[in-house]
Amino acid sequence: MKALLAVCLGRPVAALMIVVAVLLLGTISLLQLPVGLLPNLANPGITIITRYSGISAEKIEELITIPIERQVSDISGIEKIVSVSSEGESRIDLTFDHNADIKIKILDASERIHTIKDSFPREVEDPSIVQYDPNDRPVFTVSFSSKNLDLKQLRELIDQKVKLKYERVEGVSEVFVGGGFEREIQILADPGRLVAHRIAVGSVADSVAKGNVYATAGKLPGIRERFVYTEAKFTSLSEIKSSYFRRPGKDGGLIQVGQVADVEDRFRDPGTVARTNGEERVTVYIEKAGNANTLAITDTCEAITAALAFKDIETHISYNQGTSIRRAIKQVSTSCVHGIIIATFVLYGFMRRAGITLLVALNIPASILSTFFLMYMSGLEINVMSLSGLALGSGMLIDNSIVVSEAIDRRLALGESRSVAILQATFSVSVEIISATLCTIVVFIPLLFTDPETRILYTGFSLTVVYSLLASLVFSLTVLPALMLAFLNWKRPELGGSLGEFMTFIGNVESQYDRLTQAFTIERLTEAYRRFIGQLFANPARFLIVLAFLLVSSPFLFWGLKKEYMSPIDSDDIEASVDLDTGTHLEKTESLVRTIEEKIRKHPGVREVSSKIEKSHATLAIKSSGSVDSEDLISGLKTLTDQDKDAFVYYTQSGEVSSGRELDIEFYGDDFVSLKKIAQETASTIQSSVPGVEQVVLRFREGKKDFLIYPSKAKLGVNQISVADVGSTLRQLLSGTIITKFYDRDREVDVRLRAPPESLDSLDKISQLQLPLEGRAVPLSSIARFVEGEGETRMWRKNKRRTVSITVKIQKRSIEDVALDISRLLANRNWSADTIYAFGDEFERIKANQRQMVYAVTLSLVVIYLLLCCLFESLSQPLIIMIAVPLTIAGVVAFLALSRMTVTISVYIGLIMLGGIVVNNSILLVSTINSMVGSAISGDALKSAIFDAAVRRIRPIIMTTMVTVLGMLPMALDFSEGSGLWRPLAITVSVGLTLSVFITLILVPYASLIYYSRFRRNEGL
């Protein structure tokens, strides 16, 4: 070690160039690092989407969802299967463990589904597989409007020219276009004319489809190869009308499509309405794959939007999650910079020399930029957690440099030559600061044994702390001594002019500062400390009783604290979910939602409202003006909309992270109707009986009234008609099917065959329908009976069992406490044997987190003890060093109880960090005591030696602690968006460090006195 130090001291220019190189590499790495809000916590997953237009949710579940579930359920690594069967669509989400290769899983699922695809009904669309986004929320929403194009033309332009651009963005799982009207060629087959001509609706469909072809006929033989094609594509609507097909029977003759149907260029029945601040627009919603980088996606989408060059079309970005991410990154970066500035000023306050202060403070940018380089080499990204590690560690980065500079000052004061003093001083404290740094680093080892989500969340945080501390250690032991020697040997030139006047001004400022702070010198503090230690040694009982009471009471205080997985993250973006009576058609839904929009827009805290409206449901994206806190804004909006009895409005904060105030309860069983009834009764009981519950939301929809047709098999047999004939004919007339494509230049337009909507728009018209079949017509009423019943709109399954869920929104209580109350409430429910309930993932995560974090804190203390035993070659002295740790943790628990803070995962990480940081001061103190005690092992000589050792270390201990704590102050006082991720950690560490100074400076000398006077003589190790 001495040889390395001697080399560094002899080459100060090389040392300076190393610093410059590190700064350069770090800056380049910083520009290359990817940026995100948080590490990707979501398990990788895929979504299997299968559409079967016009089919009820029950039949979708029976025909599609269950067969696919059975086929894919044995794919390796599946942790959870969740499916939703709704009218016309099946969605199955497969969630895998964190180590799964999603591309391999998609291929595996595709191969398995392919083996059963032929068993599906002919009209079922091919299943599509996309990467699953667990948030199921768009990360980027952009709307379009035009004064010259109507909504039909605008929607067609967006579908044809714009949608594809967003779909090509890497990491995008799905792009949905809402609002406007989709162009569609409709062949409106009149049931009356079909009956008159004895034509089945299927014959019209086959005729049109077969007449619209482009096929290869083959190739001609010869010297030059020439191909033959059959070209018969429709080029106009008149061609569709005039196309012929034969009537049934031998003498049926030919008939044109136009004789039994009208062919019109119309638009598809609208499924959504999109509005921004009351104006109807066409809106594109972009969702990301679960493991994609949100900021990269939103930045690319923003660039695509800006590059769109369409005349007379206005674009408006309604929602951009990247904005929230940048805001959070900027805030934590600002806190980091402010912490560095504060730490530098505090350091100057102690050192009172600008040159030495700048040399010591140079460790901060050098270590941080070194960390960026190491992050780049490790494949880490910049996010609020990795930056929090840098911000929290910015004060600690100069602890080692402070210890080295203090040792150098002390050696110089003894009159030694500069080079010898710097060499001997640095070497004398090298073991101490290496030990302290290693103790701070090894506390993160227990995180390797926590659950994958916690490990992923805090890997970047842990590595940035480790990288920065190692860089700081290397700087302090090599570069800093060389630069200090060069600085001390440097002869300042005589400066004249403005620069000389400026340096004189700086000198005067330093002199005034020294004069003003004479009353607060470290010597006065040292004298007061010496008197207190003397009184403690003389009468320790009172002080020890207080510490013992604090230590014993801390487990009980901890038991009573509120506990959550993660602090709620305040966001300026609010999402409102609007639910209406099941079966409410789109026009009625649109009208009711417009009223709700107008109420919300009148609130002074609302800047913009964007809506996505579907049948019976709408989603409103609300942008805050920033003048009102999000929770207060939601409370105010609830007051406005709760008066509306026709709709239920539920508000949540948007973003990547859960709000932390919601508890899901899932009910499993076989009978969907019974499950819904149990969930409703449970929700009502919880709302009225459990304190702290703000709202209970039913996460399912009531069934809607349906018209059920029961064909008589006997009558069908007499008429030689199959059930499939009846079902397919009715489906063709009512919903219609896409039978072919119409190509208008470069545009592909669906051609749908159906009955005119007005011909079958009531139950009476359907019951009086003459069913058009091939060569004849049969009254529907003569072969079937009609019953009005109820059908489900959506059916949920989880892990291959039917399920419904409710969400409990919590206020002023922890999720754990509310869950315990609900468990007691549901303990004696008399449900059927096949019905069970379970709490959602949030609560299960909290319980697992509590166990793992207590285990991690305990294991970190064990690891520190093992390391200290190795460093001090003793089994007992590490106990003296660590004696402040449990008392510091007890003090932090008392502070949390007094301030009513919630214990989250951030608090646990803070406690783990404290174990490594608190022992740093004790290591310095015990090392100094060991070196000064020598043969003075009893009596007043022992006390005097311990006094002197403690007094010698009081200045560096207070300096390092104040610099670290005040460097964390901006983060501890930060209440901005996203601060719930780092503020609890900063508060925990800063409070613990502040308490640890008093405990260390008081208790460690006393414990050392007991150790040397009573136990050292009899100890072999």
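This passage describes one sheet, a helix packed on it, and two nonpolar cores in a predicted model. In this model local features need pLDDT of at least 70 and side-chain atom pairs count only at pLDDT 80 or more, whereas totals for chains, interfaces and linings use all residues. Residues are numbered from 1 along each chain as its sequence is written, and side-chain values use heavy atoms, with hydrogens and water left out.

An open sheet is formed by 4 strands in the order 12-7-24-23, with mixed pairing; strands (E, at least two residues) and helices (H or I, at least four) are DSSP runs numbered from the N terminus, and two strands pair if DSSP finds at least two bridges between them. Because strand 12 (261-267) and strand 23 (737-744) each have a single partner strand, they stand at the edges, and one side of each is left without a neighbour in the sheet. Neighbouring strands are turned by 25° against each other on average, direction ignored. Strand 7 (residues 183-189) pairs with strand 12 in the antiparallel sense over 7 bridges, and L188 stands opposite D262 of strand 12.

Helix 7 (residues 201-210) lies across strand 7, strand 23 and strand 24 (747-754), and runs at about 30° to strand 23; axes are lines fitted to C-alpha atoms, for helices over the stretch in contact (heavy atoms within 4.5 Å), and angles run from 0 to 180 degrees between N-to-C directions.

The largest nonpolar core, a set of buried (under 20% relative accessible area, 1.4 Å probe, protein chains only) Ala, Val, Leu, Ile, Met, Phe, Trp, Tyr and Cys residues joined through side-chain atoms within 4.5 Å, has 178 residues. Helix 33 (residues 983-1015) gives the most to this core, with 18 residues. A second, separate core of 36 residues includes A189 and I739.

Conventions: Buried < 20%, exposed > 50% of the residue type's maximum accessible area, 1.4 Å probe, protein only.
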